[in-house]
Amino acid sequence: MGKSFATADEAIHELERRHGPSTAQWTYRDGSGLVVGAVVRWDLPDGGKEIRPVSRHGDDWRIAGMPTPRPLYRLEELRDAKRVYVCEGEKAVEAARSLGLIATTSAHGSKSPDKTDWSPLAGKEVVLLPDNDPAGLEYADA
């Protein structure tokens, strides 16, 4: 199962010990507002990226994906929204939010939309904004 940590910050610190300072971190909350996960990103010198999840498992934290079903990113902002933009990844969500849009994504982007609880979007107008690449098209189809 891997090493357990007392807090998300301890798990993130371990990742940064291994990989250096992160470029970005995004937090996931459940329906009651409890922090249940984080996604940590490193932008690499070659233009690539490395992304690692940290998640709550009971009272402990692990460097691992969140248990399923996973909450939507920025779930707390979706409740009263009439229209929600679904982006591929947290970085894209933050770009959409900078334009004043209510946006979300599933944890782990195009890799796991089927492991996400999409029910908070029921009854809302949903606009898909996937990346313009094969992975983005697969994400939108899923």
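User: What makes strand β6 and β7 count as a pair?

Analyst: In this predicted model, 2 bridges join β6 (residues 83-87) to β7. Two strands pair if DSSP finds at least two bridges between them, so β6 and β7 meet the cut-off. They run parallel, and Tyr 85 has Ala 103 in β7 as its bridge partner.

Local features need pLDDT of at least 70 and side-chain atom pairs pLDDT 80 or more, while totals for chains, interfaces and linings use all residues of this predicted model. Residues are numbered from 1 along each chain as its sequence is written, and side-chain values use heavy atoms, without hydrogens and water.

User: Which strands are the edge strands of the open sheet that holds β6, and what makes them so?

Analyst: The open sheet has 3 strands in the order β7-β6-β8, with parallel pairing. Its edge strands are β7 (103-104) and β8 (125-129), each of which pairs on one side only. Strands are DSSP runs of E with at least two residues, and β7, at 103-104, qualifies.

User: How do you know that β2, β3, β4 and β5 pair, one after another?

Analyst: By the bridges. Between β2 (residues 24-29) and β3 there are 6, and the two strands run antiparallel. Gln 25 has Val 40 in β3 as its bridge partner. Strand β3 (residues 35-43) is joined by 7 bridges to β4 (residues 49-57), also antiparallel, and Gly 37 stands opposite Ser 55 in β4. Strand β4 has 3 bridges to β5 (residues 60-62), again antiparallel, with His 57 opposite Asp 60. Each of these counts satisfies the rule for pairing.

User: Which residues take a positive phi in the hairpins of these strands?

Analyst: Gly 33 does in the turn between β2 and β3, at about 90°, with 5 residues between the strands. Gly 47 does in the turn between β3 and β4, at about 95°, again with 5 residues between the strands. In the hairpin of β4 and β5, which has 2 residues between the strands, Gly 58 has a positive phi near 65°.

User: Why are Tyr 28 and Tyr 73 called a tilted aromatic pair?

Analyst: Their rings are 5.2 Å apart, centre to centre, with 50° between the planes. Rings of Phe, Tyr and Trp (its six-membered ring) pair if their centres lie within 6.5 Å, with planes under 30 degrees apart counting as stacked, over 60 as edge-to-face and the rest as tilted. The distance passes and the angle falls in the remaining class, so the name fits. The structure holds 1 aromatic pair. It links distant parts of the chain, as Tyr 28 in β2 and Tyr 73 in the loop between β5 and β6 are 45 residues apart.

User: Are Tyr 28 and Tyr 73 buried or exposed, and how do you know?

Analyst: Buried means under 20% relative accessible area, exposed over 50%, partly exposed in between (1.4 Å probe, protein chains only). Tyr 28 has 0% and Tyr 73 has 3%, so both are buried.

User: Which side chains of β2 point to the face of Tyr 28, and which to the other?

Analyst: Ala 24 and Trp 26 point to one face with Tyr 28 and are buried, while Gln 25, Thr 27 and Arg 29 point to the other and are not.

User: What makes the buried residues of α2 line one face of the helix?

Analyst: In α2 (90-98), Glu 90, Val 93 and Ala 96 are buried. Seen down the axis, the buried residues fall within an arc of 115°, so they line one face of the helix. The arc is taken from the directions between the helix axis and the C-beta atoms. The face turned away from the buried side carries the exposed residues Lys 91 and Ser 98.

Methods: Helix = DSSP H or I, 4+ residues; strand = E, 2+ residues; numbered from the N terminus.
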